[in-house]
Amino acid sequence: CNKSLYWTRHQKILFALKQTLRFHDVFSSTHCSDLPLPGKTKGGADLKIFGKELAIVDITVPYCTQKQGLQSAFQRKKRVYREFTALTGLEVTPFVLSHRGIMHPKTLMALKGWVDTRQAIADIIVNTQCGLIEGTAQALQIMFAGGTLSSQMIDLRLDEKDDEECNYDEI
């Protein structure tokens, strides 16, 4: 897939998360340049959240239809940030949202440390899922306009069943 899809989708999710936090009176900042990079020269944390507790967040949107895919993406981010945690003493929270909008259970649990109410948690879930959809749609429009995508290349796989359903009432 085209890099514009990944970048656009990522940024829309980041913006939705930041805006929702602000709506619920939680300060956050995308200025993470003062944090060390996780063993590479680009990338790094996406957001600092100054909620009930400080959180350093890195957003990832894996393409997965099974529970193992979400878990793999979460563990991969944790491995990437081991050195970062050793240097700073700060734990990075992977914000893992699958391409279908399923959030990793540990990401869901982390939301409790950022906001005070169930409504704020629900708003974060819904708004980041909307950001995912908006970002995917915008990126596909860009790809169609640029000629890098044709309608024959789109396979939405609507007949597939997800192997995992997240129960948001458990958080």
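These are my notebook entries on a predicted model, covering its nonpolar cores, a surface patch and a few single residues.

**Entry 1, the cores.** I began with the largest nonpolar core, which has 24 residues, and looked up which of them touch the most other members; these are L21, I49, V57, F95, L111, W114 and V115. I then traced the core back to the secondary structure and found that helix 1 (3-23), strand 2 (47-50), strand 3 (54-60), helix 4 (105-111) and helix 5 (118-146) each supply at least two of its residues. Helix 5 gives the largest share, with 5 residues. I also noted a second core, separate from this one, which has 7 residues, among them A45, I56, F84 and V92.

**Entry 2, V115.** Leaving out residues up to four places away in sequence, I listed the contacts of V115 and found L21, V26, K52, A120, I121 and I124.

**Entry 3, T93.** I placed T93 in strand 4, which spans residues 92-96. I count T93 as buried because its relative accessibility is 17%, and the cut-off for buried is under 20%. With residues up to four places away in sequence again left out, T93 touches I56, V57, D58, A110 and W114.

**Entry 4, Y81.** I found Y81 in the loop between helix 2 (67-80) and helix 3 (82-88), and I asked myself whether Y81 is buried or exposed. With a relative accessibility of 3%, Y81 counts as buried. Its side chain makes a polar contact with the side chain of D58, at 2.7 Å. I also looked up the pair Y81 and G44, which are 37 residues apart in sequence, while their C-alpha atoms are 8.7 Å apart in space.

**Entry 5, D25.** Between helix 1 and strand 1 there is a loop that holds D25, and I checked the backbone there. D25 is not a glycine, yet it has a positive phi of about 60 degrees. I wrote this down because most residues other than glycine have a negative phi. D25 counts as exposed, since its relative accessibility is 75%.

**Entry 6, the surface patch.** Which residues form a nonpolar patch on the surface? I found that F27, F50 and L54 do, and that together they have about 320 Å² of accessible area. I followed up F27, which belongs to strand 1 (residues 27-29). The relative accessible area of F27 is 54%, so I record F27 as exposed, the cut-off being over 50%.

Methods. Residues numbered from 1 in each chain as written. Predicted model: local features only at pLDDT ≥ 70, side-chain atom pairs only at ≥ 80, totals over all residues. Heavy atoms only, no water. Patch = residues over 30% accessible without salt bridge, like charges linked within 9 Å, V, L, I, M, F, W, Y side chains within 5 Å. Areas by Shrake-Rupley, 256 points an atom, 1.4 Å probe, with all protein chains shown as cover. Salt bridge = Lys/Arg side-chain N within 4 Å of Asp/Glu carboxyl O. Buried < 20%, exposed > 50% of the residue type's maximum accessible area, 1.4 Å probe, protein only. Core = buried A, V, L, I, M, F, W, Y, C linked by side-chain atoms within 4.5 Å. Contact = heavy atoms within 4.5 Å. Polar contact = N/O pair within 3.5 Å; in protein donor to acceptor, adjacent residues only side chain to side chain.
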